[in-house]
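Here is my note on the structure you sent round. Please keep the model open while you read.

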Amino acid sequence: MNFIKGSVESIDGGWLFSAQGLRLSLSASVGQGLSKCNQNDVTLGVRPEDIKMGREQQPGDIEGTVFMVEPVGPVDYVDMMVAGVKLMASVDPGHGLVHDSNVRIRMNSEKLYLFDRQSGNRIA
């Protein structure tokens, strides 16, 4: 799982996670437990299979750069830098990605997890 240290803030009735240059809108279900925690001290978790990659820009995509591709059989793990944050995604083999490939990623907001950084407990 990718773990990203950051903070959350309430914006226009929704929630936004921020870490370095990365900003992600959170779903209502993820945001439910946020009122009970220190919102400036959270860790976001996202599994590699819940990061979708493409080369063509789609609304809400975030740009990144591949720095390693690791074939492991039924999937390839792709390590990339996205807005100053290191992330790993799993993709089907044969994608054609190599070192320094530019990619666009998106994350399913229903598949994001938040943890209180102090206690390690899951918030949402």
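The points below go through the sheet, the core, the salt bridges and some single residues.

1. Status of the model. This is a predicted model. Please keep that in mind for every value below.

2. The open sheet. Five strands make it up: 5 strands in the order β3-β2-β1-β4-β10, with antiparallel pairing. The edge strands are β3 (22-26) and β10 (113-116). Each has a single partner strand, so one side of each has no neighbour in the sheet. From one strand to the next, the twist averages 40°.

3. One pairing in that sheet. Strand β4 (residues 42-46) runs antiparallel to β10, and the two share 4 bridges. Look at Leu-44 here. Leu-44 sits opposite Leu-114 of β10.

4. Pairings of β9. Strand β9 (residues 102-107) pairs with strand β5 (residues 51-54) over 4 bridges, in the antiparallel sense. Within this part, Ile-51 has Met-107 of β9 as its bridge partner. Strand β6 (residues 62-71) also pairs with β9, again antiparallel and over 4 bridges. There, Gly-64 is matched with Val-103 of β9.

5. The core. Which residues touch the most other members of the largest nonpolar core? They are Phe-17, Leu-26, Leu-44, Met-53, Leu-87, Ile-105 and Leu-114, out of 32 residues in that core. Strand β8 (residues 85-91) supplies the largest share, 4 residues. In general, nonpolar side chains tend to be buried together in soluble globular proteins.

6. Leu-26 within the core. Take Leu-26 as an example. Not counting residues up to four places away in sequence, Leu-26 touches Val-8, Trp-15, Phe-17, Leu-34, Leu-44, Leu-112 and Leu-114. Three of these names, Phe-17, Leu-44 and Leu-114, also appear among the core residues that touch the most other members.

7. Salt bridges. How many salt bridges are there? The count is 3. As background, side chains of opposite charge can pair when their charged atoms come close.

8. Arg-23 and Glu-9. Their side chains meet in a salt bridge at 3.9 Å, N to O. Arg-23 is in strand β3 and Glu-9 in strand β1, 14 residues apart. Arg-23 is partly exposed at 47% relative accessible area. Glu-9 is partly exposed too, at 34%.

9. Arg-117 and Asp-41. This salt bridge has an N to O distance of 3.0 Å. The pair links distant parts of the chain, 76 residues apart. Arg-117 is in the segment after β10, and Asp-41 is in the loop between α1 (28-31) and β4. Arg-117 counts as partly exposed at 32%, whereas Asp-41 is buried at 11%.

10. Arg-106 and Asp-61. Here the closest N and O atoms are 2.9 Å apart. Arg-106 lies in strand β9 and Asp-61 in the loop between β5 and β6, so the salt bridge ties together parts 45 residues apart in sequence. Arg-106 is partly exposed, with a relative accessible area of 26%. Asp-61 is buried, at 12% relative accessibility.

11. Lys-5. Is Lys-5 buried or exposed? Lys-5 is exposed, because its relative accessible area is 58% and the cut-off for exposed is over 50%. Lys-5 belongs to strand β1 (residues 2-11). Leaving aside neighbours within four places in sequence, Lys-5 contacts Phe-17, Ala-19, Val-42, Thr-43 and Arg-117. The C-alpha atoms of Lys-5 and Leu-114 are separated by 9.8 Å, although these residues are 109 residues apart along the chain.

12. Ser-90. This residue is in strand β8. Ser-90 is buried because its relative accessible area is 17%, and buried means under 20%. The Ser-90 side chain reaches the backbone nitrogen of Glu-49 at 3.4 Å. Beyond its neighbours within four places in sequence, Ser-90 has contacts that include Pro-48, Ile-51 and Tyr-77.

13. Two residues with positive phi. Most residues other than glycine have a negative phi. Gln-20 is not a glycine, yet its phi is positive, about 50°. Gln-20 lies in the loop between β2 (14-19) and β3 and is exposed at 67% relative accessibility. Ala-83 also has a positive phi of about 50° without being a glycine. Ala-83 lies in the loop between β7 (76-82) and β8. Ala-83 is partly exposed, at 31%.

Methods:
Residues are numbered from 1 along each chain as its sequence is written. This is a predicted model: local features need pLDDT of at least 70, side-chain atom pairs count only at pLDDT 80 or more; totals for chains, interfaces and linings use all residues. Side-chain values use heavy atoms; hydrogens and water are left out. A nonpolar core is a set of buried Ala, Val, Leu, Ile, Met, Phe, Trp, Tyr and Cys residues joined through side-chain atoms within 4.5 Å. Buried means under 20% relative accessible area, exposed over 50%, partly exposed in between (1.4 Å probe, protein chains only). Contact means heavy atoms within 4.5 Å. Two strands pair if DSSP finds at least two bridges between them. Axes are lines fitted to C-alpha atoms, for helices over the stretch in contact, and angles run from 0 to 180 degrees between N-to-C directions. A polar contact is a pair of N or O atoms within 3.5 Å; within protein, one must be able to donate a hydrogen and the other to accept it, and residues adjacent in sequence count only if both atoms are side-chain atoms. A salt bridge is a side-chain nitrogen of Lys or Arg within 4 Å of a carboxyl oxygen of Asp or Glu.
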